[in-house]
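Me: I have a model open and would like help reading it. Could you walk me through a few features?

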Amino acid sequence: MLHLQNLTITLGQRLIAQVDTTVHGGEVLTIMGPSGSGKSTLLAAITGTLDPAFAQQGRIILDGQDITALPTEARRIGILFQDDLLFPHLSVGQNLAFGLPKGGNRKERHKTIETALRDVGLQGFANRDPATLSGGQKARVALMRMLLSQPKALLLDEAFSGLDADLREQIRALVFTRARVQNLPVVMVTHDPADAEAAAGPVIHIG
Amino acid sequence: MTLLAWVPRLTLAAMLLPVAAGLWGVFAPLFGFITLNGASAAPMADVLAWPGLPRAAWLSVVTGVGSTLIALGLVILILSQLHGSRALMWLRRALSPLLSVPHASAAFGLAFMIAPSGWIARAVSPWLTGWDRPPDLLILNDPAGIALTLGLAVKEMPFLLLIALAALAQTDAIRSLAVARSLGHSGAGAWLKVVLPRLYGQIRLPVYVVLAYAMTAVDMALILGPTTPSTLSVQILRWMSDPDLTLRLQGAAGAVIQLALVIAALAAWFLAEKLVGKLGLLWITSGTRSPWLPALRPLAIAAAATSAIAVLGGLASLAVWSFAARWQFPDALPEALTTRTLDRFLPQLGAPLAETALIATTTTLIALILCIGCLEAGYRKRKPLEGRVMWLVYLPLLIPQIAFLPGLQVLLISGGLTMGRWVVILSHLVFVIPYIFLSLSDPWQAWNTRHATVAHALGASPTRVLFAIRLPMLLAPILTAAAVGFAVSVGQYLPTLLAGGGRIATLTTEAVALASGGDRRAIGVYGIALTLAALLPFALALALPRILYANRRGTHP
Amino acid sequence: MKRMLTALSAALFATTAMAQPDPSNWDAVLKEANGQTVYWNAWGGSTTTNDFIAWVGDRVAEEYGVTLEHVKLTDTADAVARVLAEQQAGKNEGGAVDIIWINGANFASMKRQDLLFGPFAEQLPNWQFVDVDGKTVQTDFTVPTEGYESPWAMAQVVFMYDTADIEAPLTSMDAILEWSTAHPGRFTYPQPPDFLGATFLKQALLDLTDDAAALSQEATPETFAKVSAPLWDYLNTLTPTLWREGKAYPQTGPQQLQLINDGEIDLAISFSPGEASTAIANFQLPETVRTYVLDKGTLGNASYLAIPYNANAAAGAMVIANFILSPEAQAHGLDPLNLGYGTVLDMAKLSDDQRAAFDQIELGVATLTPAQLGTALPEPHPSWMTMLTEEWTKRYGVQ
């Protein structure tokens, strides 16, 4: 459960965004608004990558733990952007291994990665160069990389805007299903009403 | 993190402390804080009484300002005429390696080309000119400094051109040009009116660096410059090494004058910029479409080709002399080729080559760590690079070496520090850090920081993100920056000589020392070795990422 | 504060002076030298000299365990300046310079300022072979050496000329002027204050003046004006006929070789009778070049090695100075294939075997025999060189 307790972001005197809400496990909170309305700034506050020019008040509580002051890497919040952002110098398997927490011997880690790839229909792709994948394949690898890091919440920053219509529906369904299966609270920023509709959760309009 | 926070301060100290200390060392004798037994109490008055001073100072100004004007003019001519053309792409490829050719090598090569007994005269004699012995023409070391001016211009033009091309990538030149042309302006006219004003703002500091350098260059002036008298910088070096030891204070006073000249020239240049800007604005708003401008295109191509050929031909002549047996005027080529010169000098090359590589590698590694530390510290604080920072980075490049290195030597000795390799490395850092920083900061800033956000979200610490993601992804620009730093270190003459107490023999110091002997074969061998030492790292920087990331297309777009 | 520092450095100086080796105890010197690294500061512009120094380095490493590092200078004065700077800073031991190739004004300056270690030269074991009576090896430009520097090579002025362009030697300054007037642009000399350029001025003055005796005294403004007047008259006529009309000059002696080889000039001055032969062998001069001396004789002097008072390896430096005086090293240096420098040894003091090594040497096509060289004229007092250089610079060096 992700609790955004009176989370307020200001730039100087200007109010950028303000939310006070709770997102339950398996639920998708959709934040909509025109570009420049501060949607991404809000997500940056949740991930802990807010530019110091902004001021932030309120608290972020994830599964009962106050993570407001924690650095990004300790928050255990996964994020997907519009770009897949696979690391180009690592193979598909190495990208997944980067997300997988420490532990287990090489063989076990290898097996986990193979399983994850098979789950999204990409078995045998571990040694591939990410640059050779299609858009949909990349999106699936990015999703699995994030899920392997065992996040407790999921943020989607226009995660599906880069995909064409067919693929978009398919990947969206995959992400939502996965989130529901793992009981993750999801915050989605989008400007596409179809995304909000598919999420079938609460919607906040800002800006 | 706390350690990282100190890196920017440490870097600034490494760049600026030696400069500040050296300036103190040249100013102190003027006010009697440093004295020598038997030396004049008024060294400045002695310098002012030197009959050659007006001429030497004038030479320093005309060769410096003249060569900078020519280099900048060529860059503007070439870019305005050839922007977006295939010729420019070709030129860029041809000139990039020339950038790292040390000044001494370029000067030797040029001297071999243009001397009355040089390659050009040989190529056209006697069948065209009727010369069976070299004409008694004052081409090299001419009293007006023309050879030096042209040599500096040819060497600095590629630097400015490549800087300008890099800056152009950040301006919205292509669309601006399209708009201006649709309004009826000729291609070259549109470029001058809508691109140049924006571009100049971005290359202003490098232009100042070129001006300060050209006014005070020692190695090029020793090889190409006038001798009756020489430029002020060369005269300062003479004073610093005169048998009459008390003249060293005179050298320090000369350094102060040199510094004043550079500052005055920079100020004058700055004012001239304003004036030209005003006049340019009148021209831009006058409505003229300048349809005649594209007629200058052949001139641009000729200028570009000439400067490339001058340096490349010079290097080729160095290579031929390295293998020449007897070679008398007016033979265009030696009677025979021999490895005798090589046999004679190769065994001696090993030690200076190793010294050069050791110093350059250490300097480059330290500078690279400091620069990456600075950039990473800035990134973690999310502090954008301000103009102020860029001025600080350029500062060591704007203060002439000949103005502060003599003072540095005096201070180091009085501090009881032994001259040697470490002091040379410290003095090289002053010049290597800025170039590495300038080379690395753009690609560093351009990196998509969402990669970092994603990696953090996957649980990676900032350190892990730096070493596992950012540095590997930036491998190619990091290696290029390292190659730039290496080449800068290889080319340093004065810092090596003065901070090394003459004990540190690198390829550059050996080559310039040999130049005083005039043995063209020896100069050829050392000049080529020097060039290779500066160029090979670039080849490595290009090749390594392709080898390491052979199977990662996304890393080399 | 400053006075305290001076006192402190004086104290340091006293202690380190005692710590330096005693040249009369040669066994102790050898023992201390073993394993030392000696920084020899010598002009690096001549590739043949560099080769010779490298050869010395190999030999002393084999023989005495001394490592020799050649610090290549563009000007000998660089090294002198270093030592002075170290003295200023109170660095009275562990100095950067161990041994310097030196003579003339640099020696006079260092000796006057107490910058030299010694006396040591006449205690060196090989001093027994030195030709003390026949060669000027105990005065350097009229300044008594008093054992503060050790001779290592004899030099004498010769003129190199290309027989393809000049029929007969031009054996007086007037003959040179006459020829240069008829063939403008074919003669030049290194630009003073270059050592060889200054030597040309002295050589010309010696040939032109009637009052050679005045040159052995320290120059005063009055004697200088009077005695040097014929030289300036001469140069005023000569300069417009020079290479580049005297608007540019070669910066060093060896640059003249390249000019002859390129056919730019036909006549040049040299301070080394064997230089031409060596250069011909290295393709640096045409095979038609020969040498000659002036009818009235030419200047001669010795090159010396001196050790700074604060040398870090004075023992090793003495071992090198002594080795260079050995018949082996002197014969090696005399050979034009190596260096072509005159020896400072007295052949009569050598054993037959040692002499044989000298007799075997082929002096080279362009080298004069000792008889042809004649007796060398002594160098003027160093003040003459300083004043000639200054006056020349004022008249011709800044246009």
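Me: What percentage of the 399 residues of chain C count as buried?

Reply: Happy to help! A residue is buried if 20 or more other C-beta atoms lie within 10 Å of its own, exposed if 12 or fewer, and partly exposed in between, with C-beta atoms placed from the backbone. In chain C, 56% of the 399 residues count as buried. This is a predicted model, where local features need pLDDT of at least 70 and side-chain atom pairs count only at pLDDT 80 or more, while totals for chains, interfaces and linings use all residues. Residues are numbered from 1 along each chain as its sequence is written, and chains are lettered from A and ligands numbered from 1 in the order in which they are written.

Me: What is the radius of gyration of chain C?

Reply: The radius is taken over C-alpha atoms, and the globule rule is 2.2 Å times the number of residues to the power 0.38. Chain C has 22 Å, which agrees with the value near 21 Å for a compact globule of 399 residues. Along the principal axes, its C-alpha atoms fill a box of roughly 65 × 55 × 35 Å.

Me: How many residues of chain B are in contact with chain C?

Reply: Two residues are in contact if their C-beta atoms, placed from the backbone, lie within 7 Å. Here 46 residues of chain B are in contact with 54 residues of chain C.

Me: Which contacts dominate inside chain C, by separation?

Reply: Among contacts in chain C with a separation of 6 or more, 82% join residues 24 or more positions apart.
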